Amino acid sequence: MTDVLDTVAGRSGELVLRRTGEDFEVIANGVFLMDTRNGESERLLVSVAADLVPGKARMLIGGLGVGYSLRAALDHPGVGEIVVVEREPAVIAWNRDGPLRDVHDDALSDERVTVVEADLVKWLRRTEERFDALCLDIDNGPEWTVTDGNAKLYRNDGLDMLAARLRPGGVLAVWSAESVPSFVRRLRARFGEVRELKIPVPQGEPDVLWFARV
């Protein structure tokens, strides 16, 4: 049985939070976006990135989702300060005070976490902040974006912008629900070291993580 818990007009269209059994799902404009059923690849996105950076990493997480990546970052001994950029106020509210709060043990209340309500692409263009790890999970993949504007992030100029926000030795980590060979080629052309990690899922193609270092 599926129960609709909330429906809001989001920045990029209608957002729905619903519960199916013990799990929560977020639907954007009628398209499935995320749920709480597994989260292994979302956790690995940040934990592997943190493993690749020496010392206490200053980390940016693009996309709050259901909080799995943030929880994994807080639990990793190699992560210090965390900045989460999320453009949807409803997603922040569901995680801060709503039903998703218990999914990640109230991760947003941790003093190491700063939440920025903003469009990630626009925020990256105007900020001068730099990070040891940039962990991006705002789309279903470079060619399966939530909004058309996000596509810019995965093109050559977007990768240049991301690289500029990394400290020396920093790592860019990107989550995708599918393999995208053309994106891998762009990564390899821009970054000196690129690693691809495929994570099996219960149904369908494996999730894919990319880790790139300048």
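In this predicted model, Asn150 sits in the loop that runs between S8 and H5. Asn150 has a relative accessible area of 3% and is therefore buried, the limit for that class being under 20%. Leaving aside residues up to four places away in sequence, Asn150 touches Arg87, Asp119, Val121, Ile138, Asp139 and Thr145.

Two of these neighbours, Arg87 and Asp119, are themselves paired. Asp119 forms a salt bridge with Arg87, and the closest N and O atoms are 3.0 Å apart. Because Asp119 belongs to the loop between S7 and helix H4 (120-126) and Arg87 to the loop between S6 and helix H3 (89-96), the pair ties together parts that are 32 residues apart in sequence. Arg87 counts as buried, at 16% relative accessibility.

The loop that holds Asn150 also contains Arg155, since this loop extends from strand S8 (131-136) to helix H5 (156-164). Unlike the buried Asn150, Arg155 is partly exposed, with a relative accessible area of 45%. Arg155 contributes to a positive surface patch together with Lys122, Arg125, Arg126 and Lys152.

Helix H5 takes part in another link along the chain. Asp160 forms a salt bridge with Arg190, with the closest N and O atoms 2.6 Å apart. Asp160 is in helix H5 and Arg190 is in helix H6 (residues 181-190), so this pair ties together parts that are 30 residues apart in sequence. Both partners are partly exposed: Asp160 has 39% relative accessibility, and Arg190 has a relative accessible area of 31%.

Helix H2 (residues 68-75) is mostly covered, with seven of its eight residues buried. The buried residues are Tyr68, Ser69, Leu70, Arg71, Ala72, Ala73 and Leu74. They pack against strand S4 (31-35), helix H1 (40-51), strand S5 (57-62), strand S6 (79-86) and strand S7 (113-117). Asp75, by contrast, is exposed, with a relative accessible area of 53%.

Asp75 nevertheless forms a salt bridge with the buried Arg71, the closest N and O atoms being 3.1 Å apart. The two residues are four apart in helix H2, which means that about one helical turn separates them. An α-helix has 3.6 residues a turn, so residues three or four places apart point the same way.

The pairs described here belong to a wider set: a search of the whole structure finds 14 salt bridges. Elsewhere, Arg18, Glu25, Asp35 and Arg37 are linked in a network of salt bridges.

Methods:
Residues numbered from 1 in each chain as written. Predicted model: local features only at pLDDT ≥ 70, side-chain atom pairs only at ≥ 80, totals over all residues. Heavy atoms only, no water. Patch = residues over 30% accessible without salt bridge, like charges linked within 9 Å, V, L, I, M, F, W, Y side chains within 5 Å. Areas by Shrake-Rupley, 256 points an atom, 1.4 Å probe, with all protein chains shown as cover. Salt bridge = Lys/Arg side-chain N within 4 Å of Asp/Glu carboxyl O. Lys, Arg positive; Asp, Glu negative; His and termini not counted. Charge placed at Lys NZ, Arg CZ, Asp CG, Glu CD. Buried < 20%, exposed > 50% of the residue type's maximum accessible area, 1.4 Å probe, protein only. Contact = heavy atoms within 4.5 Å.
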